[in-house]
Every structure is written in C-alpha cells, then in structure tokens.
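Here are some notes to read alongside the model, set out as numbered points. They begin with the packing of the interior and end with a residue at the surface.

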Amino acid sequence: MQKIAVLGATGAVGQEFVMSLNKHPWFELTEIASSARSAGKKYVDALRDPVSGILRWHNPESVPEYIQDMVISKIEDVNPDKFDLIFTALNSDDAQTIEPSFARSIPVISTAAAFRYENDVPILIPGINDEHTELLDIQKKNKDWAGYIAPLPNCTTTGLAITLKPIIDKYGVKSVFMTSLQALSGAGRSPGVIALDIMDNVIPYIPKEEEKVQIETKKILGKLNQRSILPNNIKVSCTCMRVPVSDGHTESVFVETKDPVDPDLVKKEMLNFSKNVSIKELPTAPEDYILVHDDPTRPQPRVDREINDGMTTVVGRLRKDTVFENGIKYVLLSHNEKMGSAKGAVLLAELLKSKKMI
Ligand SMILES: NC(=O)c1ccc[n+]([C@@H]2O[C@H](COP(=O)([O-])OP(=O)(O)OC[C@H]3O[C@@H](n4cnc5c(N)ncnc54)[C@H](OP(=O)(O)O)[C@@H]3O)[C@@H](O)[C@H]2O)c1
C-alpha cells in the first residue's frame, strides 16, 4: 500500500477524497491536513459548524469510520518523507505556496488552478491526454524537484474535453460554444454560494470560470512537444452560470466540425471511445466512460450524476445543428466532485502509478 496525505481534507473536494480513498486497493490515507481553524481537531469535530452545530458533511453516505477520529494536522507539520503521494484540495492562493513545498520531495496531484497554466505543467484527464504525463519528467528536471505538480482541470472543463476528444479525433473541430449550468458544490464549502442568493435563482456569472474553460480545453486537447504543450487551435467560447443544483455540472454544447457530422456517427464515436478508453482497467475507472442517452429528457443531474459513482460523463440531446454547415449539438452532465475533481484525481494517481511515476 502506498501512503497518502490529503491537504484540504475538510472542504467539498477534500470530503470526496476521503470517500474515494476509503478501502482503496492501492492507496492508504494516513494523514489529513486543513487550515489552522481545523488543525488539532478530530475530523468529524472539524466538520461541525461552530455556529449552527450542523455537520457540514456533503455526502449521502456517513463519514467513513476510518477517518472519523483522525486528528487534522497543520500543513506545516506534514512530513513529505512519510508519503508516496500528496493530494491537494486547497484554494488556489494557498496551493500557490503550499504545493511546491511538497513537490520538491514527492508527487503532488492537485485540484487547484495555481499551476495549471505553467509551460511545464500538464492539465491531466485520465483517458484523454495520458501522453501529457511525460511533461511531468520535464517539470522535475526544470525545477530540480524529486516530485512534481500534476493538476486536474477545472471541473467544468472535464466533461467538455472528454466529449470533444472523440469528435476531434474523427471529424476535427473548428469552434465550440458552451453554456454551463453549474452545481452549488462546485463553489466549495467556504464561503461557497450563500443559500439566499441562489434559492429560486440563477446566477449568470462565475468569476474566472469562462477563461479557465477556454484555456484549459485547448491545452488538454493540445500536442506535447519537447518542453510544453502546443494548445489545440479550436476556438472555445462559453458562458458559465450557477444554478440551484447540489452536484453535477450540466453543459449545453455546440460544436462546429471540420468534416460533415451526423448525430448517429458522433454517438457511435463516443461509445467506441468509451469502450476502448486507455484507463478502463484501473480500480477507479467507471464501467462506462461516456454514456449517451436517446431519451431527449436526459441527462438530468438528479437522475444521472451518480451513474458509475459519478465517474461517467453522460451525454444526451445529440442532434444536428442547422446554422453551420457542419454542426452538432448536445447536452452533457459531469459530476464536479467525482470525475471533475477528487475521484478523478484518484484515477489520475492510479494512471501515474501504472506508469511507474509514483
Ligand atoms: N468544489 C468542486 O467541485 C471543485 C471541482 C474541481 C476543482 N475544485 C478546486 O479544488 C480546490 C478545493 O475546492 P473546494 O471546493 O473543496 O474548496 P473548500 O470547500 O472551500 O475547501 C477548502 C479546503 O482548504 C482548507 N484551507 C483553507 N485555507 C487553508 C490554509 N490557509 N491552509 C491550509 N488549508 C486551508 C480548508 O480547511 P478548513 O475547513 O479548515 O477551512 C478546506 O479543507 C479549489 O482550488 C477549487 O477551485 C473544486
């Protein structure tokens, strides 16, 4: 078993790490750390809101027994020599200073944006751009580190890049327009979205989200060269909105392809890609990487987000667009805390271990 620590274990993503690592066949979570507010407390006690008394545990299953009484460390007390790998679920500003201090000694898999845009840092989605992991060796050399920082994308980018990949490979893509309807949990636990602002409402702006999706999609679907990643030259435009849904980001996507497309062929490509995806033998990989509904009322977050424990990107409403000569439209659903962050990060760790990079 490889020893793991999670930094930011009390947050929305951190809690999902705790779930994803429970009884994991390869990884054992032996230390958790969070802010000074939580350090020194037992995990369950740190989750309890001091004012309302509510246990701020964001999962239908109970807090797993293995972690309930684990005492939360201060980040500065976590000794990297005791671990094979660190997962981080920190806000970007904290990640900026904390992640390099660990990457000097061991691999760090990050859900934060802090390093995603550096030249020698790939943005990884297992199954989509596995070859970009080679950039981690270049990063180690550049920085003279024993470890590296391997970030996942922003959770809104994940489903988009996953569904675009089979279309790009077969038909080529010129431009993409996407409008998202994003879940509340995507904003994190502290301060998150205030209930009174979102009840009976839609908020048509999420700070920095659209820029992240636009840059990250092109980088993930780009080509690795000797020192960096050459971004894909597709045009990506999007509007990101927050909606009163607990988990699962829904996205309405329009794709202008280079070659003529047809919804049935795109469905076939997506399902073929799903069937042959590189990571299907890894422990956290879903049975279906992409699932395509014919029912025009799906996907729906409440109904579809837990398919294969949130690791499947669910597509529906695949249809031809008639404005552009070669256009296709669809709706996708991706679980922001599972494939879109913590559980996707565990899958990435499995991929890196299978490549002997952990
Ligand atoms: N939520 C999602 O669906 C999602 C998806 C993909 C990526 N992400 C990214 O993942 C990261 C974590 O997001 P989140 O939603 O889990 O945020 P969150 O709920 O606000 O959790 C933040 C975590 O960081 C800890 N923390 C705060 N300040 C700290 C400090 N100075 N030193 C050490 N720990 C500190 C918090 O501990 P305390 O509890 O002690 O305050 C908490 O455990 C962010 O970068 C976010 O952008 C989130």
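1. In this predicted model, the largest nonpolar core holds 93 residues, and among these Val6 and Leu348 touch the most other members. Helix H11 (residues 342-354) gives the most to this core, contributing eight residues. The core is not confined to one domain, since at least three of its residues are drawn from each of domain 1 (2-154 + 342-354) and domain 2 (155-334).

2. The surroundings of Val6 can be listed in detail. Once its neighbours within four places in sequence are left aside, Val6 is in contact with Gly14, Phe17, Leu29, Ile32, Phe87 and Ala89. Two of these partners, Gly14 and Phe17, reappear among the buried residues of H1, which are taken up in the next point.

3. Helix H1 (12-20) is mostly covered, with eight of its nine residues buried. The buried residues are Ala12, Val13, Gly14, Gln15, Glu16, Phe17, Val18 and Ser20, and they pack against strand S1 (2-7), helix H3 (65-68), strand S4 (85-88) and H11.

4. H1 also matters for reading the ligand site, where the surrounding shell takes at least two residues from each of H1 and helix H4 (92-103), and where H1 gives the most, with three residues. Of the 29 residues around the ligand, those that come nearest are Gly11, Val13, Ser38, Gly188 and Arg189; Val13 is also one of the buried residues of H1.

5. Which classes of residue make up that shell? It divides into 17 polar, eight nonpolar and four charged residues. Both domains take part, as domain 1 (2-154 + 342-354) and domain 2 (155-334) each supply at least three residues to the shell around the ligand.

6. The protein chain is divided into domain 1 (2-154 + 342-354) and domain 2 (155-334), whose centres, taken over C-alpha atoms, are separated by 24 Å. The contact between them takes 34 residues from domain 1 and 31 residues from domain 2. On the side of domain 1 that touches domain 2, the elements giving two or more residues are H1, helix H5 (134-143) and H11, and H11 gives the most, with seven residues. By class, that side of domain 1 has 16 nonpolar, 10 polar and eight charged residues.

7. A check on helix geometry is possible for helix H8 (residues 209-220): at 1.5 Å a residue, its 12 residues should span 16 Å, and because its end C-alpha atoms are 16 Å apart, the expected and modelled spans agree. The buried residues of H8 are Glu209, Lys212, Val213, Glu216, Thr217, Lys218, Lys219 and Ile220. What covers these buried residues includes helix H6 (155-171), strand S9 (229-230) and strand S10 (235-242).

8. Finally, is Lys275, found in helix H9 (residues 263-275), buried or exposed? Lys275 counts as exposed because it has 11 C-beta neighbours inside 10 Å, where the cut-off for an exposed residue is 12 or fewer. Its C-alpha atom is separated by 28 Å from that of Phe87, a residue 188 places away along the chain; Phe87 is one of the contacts of Val6 noted above.

Methods. Residues are numbered from 1 along each chain as its sequence is written. This is a predicted model: local features need pLDDT of at least 70, side-chain atom pairs count only at pLDDT 80 or more; totals for chains, interfaces and linings use all residues. A residue is near a molecule or strand if its C-beta atom, placed from the backbone, lies within 6 Å of it. Helices (H or I, at least four residues) and strands (E, at least two) are DSSP runs, numbered from the N terminus. Ala, Val, Leu, Ile, Met, Phe, Trp, Tyr, Cys and Pro count as nonpolar, Asp, Glu, Lys and Arg as charged, and the others, Gly among them, as polar. Domain bounds come from an automatic or database domain assignment. The expected span of a helix is 1.5 Å times one less than its number of residues. A residue is buried if 20 or more other C-beta atoms lie within 10 Å of its own, exposed if 12 or fewer, and partly exposed in between; C-beta atoms are placed from the backbone. Two residues are in contact if their C-beta atoms, placed from the backbone, lie within 7 Å. A nonpolar core is a set of buried Ala, Val, Leu, Ile, Met, Phe, Trp, Tyr and Cys residues joined through C-beta atoms within 7 Å.
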